[in-house]
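Work through these exercises with the model open beside you. Try each task before reading its solution.

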Amino acid sequence: QVRLVESGGGFVQAGGSLKLSCAVSGRTVSNYDMVWFRQAPGKEREFLAVIGWSRSITDSADSVKGRFTISRDNAKNTVALQMNSLKPADTADYYCASRTPGTIRYDIWGQGAQVTVSS
């Protein structure tokens, strides 16, 4: 059974930092594309960043580029999202997900981690 479990969410003041972690079991992160999304209340799910299975190529949304960094720890089988210079607009539930290379749909999702940024 494949499971993704996010951790590291919480409350932070604007300008602060948080690091989210996604622990993966039942699937080797280096063999899959791993991604972070978020969803704020009343808004659609938003893509944040992806790290590819091959050569660890990364990409991120313009809204977080330069502030958020995705990384992978193959030894721990985890994926992280380092978030710096946080803004109240970053308040949302954050999700990691996994996709088999060459497919479109992210088929395995975590339960989410809540991040609240106060002004």
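**Exercise 1. The disulfide**

Which residues form a disulfide, and how far apart are their sulfur atoms?

Solution. This is a predicted model.
- Step 1. Apply the cut-off: two cysteine sulfur atoms must lie within 2.5 Å.
- Step 2. Cys22 and Cys96 pass, with sulfur atoms 2.0 Å apart. The count comes to one disulfide.
- Step 3. Locate the partners. Cys22 is in strand E3 (residues 18-25) and Cys96 is in strand E9 (residues 92-99), so the bond ties together parts that are 74 residues apart in sequence.
- Step 4. Find the handedness. The torsion about the S-S bond of Cys22 and Cys96 is about 60°, so this disulfide is right-handed.
- Step 5. Check the surroundings. Cys22 and Cys96 are both buried.

**Exercise 2. The nonpolar cores**

Find how many residues the largest nonpolar core has, and which of them have the most contacts inside it.

Solution.
- Step 1. The largest core has 28 residues.
- Step 2. Those with the most contacts inside it are Leu20, Trp36, Phe68, Val79, Leu81, Met83 and Tyr94.
- Step 3. Trace the strands. At least two core residues come from each of E3, E4, E5 (46-51), E7 (68-73), E8 (78-83), E9 and E11 (113-118).
- Step 4. E3 gives the largest share, four residues.
- Step 5. Look for a separate group. Another core, of five residues, lies apart from the largest one; Phe37, Val50, Ala97 and Tyr106 are among its members.
- Step 6. Inspect Tyr94. Beyond four places in sequence, its contacts include Leu20, Trp36, Phe68, Leu81 and Met83. Glu6 and Arg38 are also among the residues that Tyr94 contacts.

**Exercise 3. A four-stranded sheet**

Give the strand order of the open sheet of four strands, and say which strands lie at its edges.

Solution.
- Step 1. The order is E1-E3-E8-E7, with antiparallel pairing.
- Step 2. Strand E1 (3-7) and E7 each pair on one side only, which makes them the edge strands.
- Step 3. On average, neighbouring strands of this sheet are turned by 15° against each other, direction ignored.
- Step 4. Take the E1 edge. Five bridges join E1 to E3. Arg3 stands opposite Ser25 in E3.
- Step 5. Take the E7 edge. Six bridges join E7 to E8. Asp73 stands opposite Thr78 in E8.
- Step 6. Sort the side chains of E1. In a regular strand the side chains alternate between the two faces of the sheet. Leu4 and Glu6 point to one face and are buried. Arg3, Val5 and Ser7 point to the other face and are not buried.

**Exercise 4. Two residues of E4**

Are Asp33 and Val35 buried or exposed? What do they touch?

Solution.
- Step 1. Place them. Asp33 is in strand E4 (residues 33-39). Val35 is in E4 as well.
- Step 2. Use the cut-off: buried means under 20% relative accessible area. Asp33 has 9%, so it is buried. Val35 has 1%, so it is buried.
- Step 3. Look for a polar partner of Asp33. A polar atom of its side chain lies 3.1 Å from the backbone nitrogen of Trp53.
- Step 4. List contacts more than four places away in sequence. Asp33 touches Ile51, Gly52, Trp53, Ala97, Ser98, Arg99, Pro101 and Tyr106. Val35 touches Phe47, Ala49, Val50, Ile70, Tyr95, Cys96, Ala97 and Tyr106.

**Exercise 5. Positive phi in the loops**

Where do Asn77 and Ser85 lie, and what is the phi of each?

Solution.
- Step 1. Recall the background. Most residues other than glycine have a negative phi.
- Step 2. Asn77 is in the loop between E7 and E8. Its phi is near 55°, a positive value.
- Step 3. Ser85 is in the loop between E8 and E9. Its phi is near 50°, also positive.
- Step 4. Check accessibility. Asn77 is buried, with a relative accessible area of 16%. Ser85 has 40% and counts as partly exposed.

**Exercise 6. Asp93**

Which residues does Asp93 contact, leaving aside its neighbours within four places in sequence?

Solution.
- Step 1. Asp93 lies in strand E9.
- Step 2. Its relative accessibility is 28%, so it counts as partly exposed.
- Step 3. Its contacts are Phe37, Arg38, Gln39, Ala113 and Gln114.
- Step 4. Compare sequence with space. Asp93 and Thr116 are 23 residues apart along the chain, and 8.6 Å separates their C-alpha atoms.

Definitions and conventions. Residues are numbered from 1 along each chain as its sequence is written. This is a predicted model: local features need pLDDT of at least 70, side-chain atom pairs count only at pLDDT 80 or more; totals for chains, interfaces and linings use all residues. Side-chain values use heavy atoms; hydrogens and water are left out. Buried means under 20% relative accessible area, exposed over 50%, partly exposed in between (1.4 Å probe, protein chains only). A polar contact is a pair of N or O atoms within 3.5 Å; within protein, one must be able to donate a hydrogen and the other to accept it, and residues adjacent in sequence count only if both atoms are side-chain atoms. Contact means heavy atoms within 4.5 Å. A nonpolar core is a set of buried Ala, Val, Leu, Ile, Met, Phe, Trp, Tyr and Cys residues joined through side-chain atoms within 4.5 Å. Two strands pair if DSSP finds at least two bridges between them. Axes are lines fitted to C-alpha atoms, for helices over the stretch in contact, and angles run from 0 to 180 degrees between N-to-C directions.
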